[in-house]
Amino acid sequence: MSERTTTRRRQLGAMMRKLRARKGLTLEEAGHLVGVSKATISRYETQAGPVKWLVVDALCREYEASDAERRAVVAIAKNARQQGWWSSFADSIPESMNLLLTLEDEAVRESHFACVYVPRLLQTRDYSTALQRANEVPLEQAEIERLVDIRMKRQDILVRPKPLRLWAILDESVIRRVVGSAEVMREQLDRLLEANESPHITLQVLPFAKGAHAAALGSFVIIGGTEPSLDVVYVDFHTGSLFLEKDEELERYRLAFEYLQAQALDMEASSAMIHRARKEL
């Protein structure tokens, strides 16, 4: 099985485990309902080998998944062997990034809270390049360009026929921190202002004056599937990445994002603050 298939199968397996657990069935009970063995159910949930989408469909029905959930899971099962645009970069992409790109490719919306840097989906090439050059481990120029190319390509989901719905909340430090140079930062702030004019992008700034807030632990992204129960929270740490999918974890981050939305400036006031930050550079 290819690396790319493993990534999509990992997503499928996680969804199948979640639906079965929600129904309260054991592996053996689930297998009995659709006429397959306990080992087959386990294999579907642990990415060990190919899957049959008809079995996935039958399981979803027995798990009493909603129609939207079932369609989303079956679609992933049907496309388990399909390679994404990032397959040409796969040799040196970490598995966590493979999973992120797979989830993002299937997503219909994303909710970002950024407390340090501009969200990657909104970065300019020069801003992204400056961040890579600031890495504590020096990178070769070719590697920097490769990583930036991937980041720029990711942004295509904002201009595809059915664009991703993006809601980004930026801590004021994000627009005040000069990355690269004043010129690079001005271009980046222009990009944010442009993004806030897009019908499928909402951008808010959380000013310093608001004080303590609901996301003091750091940046996070809620990656929205075609059904809320298929959402995943992505947290990028300095030493690695974390994907959260339990209902209680999702609820915690959704609630935090709602609080942040209420605390942050509205779109018009946010654009005005970005304009001021740009003028002061």
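Leaving aside neighbours within four places in sequence, Leu-242 is in contact with Val-233, Tyr-234, Val-235 and Phe-237. The model described here is predicted. Leu-242 belongs to strand β6, which covers residues 240-244. Its C-alpha atom is separated by 9.8 Å from that of Phe-220, and the two residues are 22 apart along the chain.

Gln-188 sits in helix α10. Not counting residues up to four places away in sequence, Gln-188 touches Val-118, Leu-122, Gln-123, Thr-124 and Tyr-127. One link involves the backbone: the side chain of Gln-188 reaches the backbone nitrogen of Thr-124 at 2.8 Å.

The table sets out the accessibility of these two residues.

| Residue | Relative accessible area | Class |
|---|---|---|
| Leu-242 | 36% | partly exposed |
| Gln-188 | 0% | buried |

Gln-188 counts as buried because its relative accessible area is 0%, and buried means under 20%.

The largest nonpolar core has 37 residues, and those with the most contacts inside it are Leu-122, Leu-170, Ile-175, Leu-192 and Ile-274. Helix α10, residues 182-195, supplies the largest share of this core, with six residues. Another core lies apart from it and has 21 residues, including Met-15, Ile-41, Val-55 and Ala-77. In soluble globular proteins, nonpolar side chains tend to be buried together.

Ile-175 shows the surroundings of one core residue: not counting residues up to four places away in sequence, Ile-175 touches Leu-170, Met-185, Leu-189, Leu-192, Val-205, Met-273, Ile-274 and Ala-277.

Terms used
Residues are numbered from 1 along each chain as its sequence is written. This is a predicted model: local features need pLDDT of at least 70, side-chain atom pairs count only at pLDDT 80 or more; totals for chains, interfaces and linings use all residues. Side-chain values use heavy atoms; hydrogens and water are left out. A nonpolar core is a set of buried Ala, Val, Leu, Ile, Met, Phe, Trp, Tyr and Cys residues joined through side-chain atoms within 4.5 Å. Buried means under 20% relative accessible area, exposed over 50%, partly exposed in between (1.4 Å probe, protein chains only). Helices (H or I, at least four residues) and strands (E, at least two) are DSSP runs, numbered from the N terminus. Contact means heavy atoms within 4.5 Å. A polar contact is a pair of N or O atoms within 3.5 Å; within protein, one must be able to donate a hydrogen and the other to accept it, and residues adjacent in sequence count only if both atoms are side-chain atoms.
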